[in-house]
Amino acid sequence: MNEALFVLAVLSVGKMEKLISCVLVTIVLVMSRESWALEDCLQEQERLRAQVRLLETRVKLQQVKIAHLLHEKEVQFLDREENSVIDLGGKRKYAGEYTLKVDLADFEKNSRYAQYKNFKVGDEKNAYELNIGEYSGTAGDSLAGNFHPEVQWWASHQRMKFSTWDKDNDNYKGNCAEEDKSGWWFNRFGVV
């Protein structure tokens with residue numbers, strides 16, 4: 001009987017060893033599959049990152065193309081003076097309200113800007129009269145001459161007509177354009 005129990009015990013140990021071996025093999029296979037899955041996941045992530053970089057590059061190129069096309073369209077729009085008006089049921093009105101923005105930078109890369117809402121320049125009949133709206137910015141309001149109340153009467157360019165050496169439209173006794181050798185919406189020239 002002892003021999004029979006011993007044989008059963010040996011058989012049980014053998015079965016247990018096989019069972020443990022089977023379990024270990026199963027664990028190793030599962031872990032291998034997880035490793036393969038992890039490698040596949042990492043490769044997929046890298047592939048997707050490469051696609052994102054490619055798409056970002058394409059978007060930047062498209063933005064450059066759009067800016068270029070908008071610039072070309074603006075130039076074409078300005079070149080076709082006849083088409084620069086919108087027909088509003090018999091009334092003619094020039095397209096849109098304009099904003100003038102002047103960006104300035106010095107050699108040390110310090111930058112400032114001046115921006116005027118409702119910027120308009122009149123037609124030839126009105127001697128290209130300058131009209132500027134509300135100022136905003138960091139460069140100072142030199143077109144309206146608001147940098148000092150005592151000089152605004154002569155420094156403002158608001159509603160000034162364009163002066164050239166042969167068309168004196170300023171408020172100065174001489175010809176500002178001729179003296180300064182340039183055309184501009186001069187008010188008074190040489191007043192200090």
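**Exercise 1. Where is Ala127 found?**

Solution. Ala127 is found in the loop between β5 and β6, where helices (H or I, at least four residues) and strands (E, at least two) are DSSP runs numbered from the N terminus. Before going further, note that this is a predicted model, in which local features need pLDDT of at least 70 and side-chain atom pairs count only at pLDDT 80 or more, while totals for chains, interfaces and linings use all residues. Residues are numbered from 1 along each chain as its sequence is written, and side-chain values use heavy atoms, with hydrogens and water left out.

The next step concerns the backbone: phi of Ala127 is near 55°, a positive value in a residue other than glycine. Most residues other than glycine have a negative phi, and most peptide bonds are trans. Ala127 counts as buried at 16% relative accessibility, where buried means under 20% relative accessible area, exposed over 50%, and partly exposed in between, with a 1.4 Å probe and protein chains only.

Lys181 can then be set beside it: its phi is also near 55°, again positive in a residue other than glycine. Lys181 lies in the segment after α3, and with a relative accessible area of 73% it is exposed.

**Exercise 2. Set out the secondary structure and describe how β3 and β4 pair.**

Solution. Begin with the elements: the protein has three helices and seven strands, and read along the sequence they follow the pattern α-β-β-β-β-β-β-β-α-α.

Turn next to β3 and β4, which pair in the antiparallel sense over six bridges; two strands pair if DSSP finds at least two bridges between them. One of the bridge partnerships joins Ala105 to Ser111 in β4. The two strands form a hairpin with five residues between them, and Lys109 in the turn has a positive phi of about 65°.

**Exercise 3. Locate the salt bridges and state how exposed their partners are.**

Solution. The structure holds five salt bridges, each defined as a side-chain nitrogen of Lys or Arg within 4 Å of a carboxyl oxygen of Asp or Glu.

Take helix α1 as the starting point. Arg47 and Glu44 meet through their side chains in a salt bridge, 2.4 Å from N to O; both lie in helix α1 (residues 2-79), three residues apart, about one turn of the helix. Arg47 is partly exposed with a relative accessible area of 40%, and Glu44 counts as partly exposed at 35% relative accessibility.

In the next pair, Glu46 forms a salt bridge with Arg49, the closest N and O atoms being 3.9 Å apart, and these two residues of helix α1 are likewise three residues apart, about one turn of the helix. Glu46 is partly exposed at 41% relative accessibility, as is Arg49 with a relative accessible area of 45%.

Outside the helix, Lys161 forms a salt bridge with Glu129, with the closest N and O atoms 3.5 Å apart. This pair links distant parts of the chain, 32 residues apart: Lys161 is in the loop between α2 (152-155) and α3 (176-180), and Glu129 in the loop between β5 (120-121) and β6 (130-131). Lys161 is partly exposed, with a relative accessible area of 30%, and so is Glu129, at 22%. Finally, salt bridges that share partners join Glu46, Arg49 and Arg53 into one network.

**Exercise 4. Is Asn187 buried or exposed, and what does its side chain reach?**

Solution. Asn187 lies in the segment after α3 and, at 6% relative accessibility, counts as buried. Its side chain reaches the backbone oxygen of Ser156 at 2.9 Å. For context, buried residues make up 15% of the 192 residues in the protein.

**Exercise 5. Which elements give two or more residues to the lining of the second largest pocket?**

Solution. The second largest pocket has a volume of about 170 Å³, the volume being the space filled by probe spheres set on grid points joined across faces, edges and corners. On a 1 Å grid over the protein atoms alone, a pocket is an open set of points where a 1.4 Å probe fits, with protein on both sides within 12 Å along at least five of seven lines, and lining residues have an atom within 4 Å of a point.

Of the 13 residues that line the second largest pocket, Leu100, Val102, Ser142, Leu143 and Trp184 are the closest to its centre. The elements asked for are β3 (100-105) and β4 (111-116), and β3 supplies the largest share of the lining, three residues.

The last step sorts the lining by type: eleven residues are nonpolar, two are polar and none is charged. Here Ala, Val, Leu, Ile, Met, Phe, Trp, Tyr, Cys and Pro count as nonpolar, Asp, Glu, Lys and Arg as charged, and the others, Gly among them, as polar.

Terms used
A polar contact is a pair of N or O atoms within 3.5 Å; within protein, one must be able to donate a hydrogen and the other to accept it, and residues adjacent in sequence count only if both atoms are side-chain atoms.
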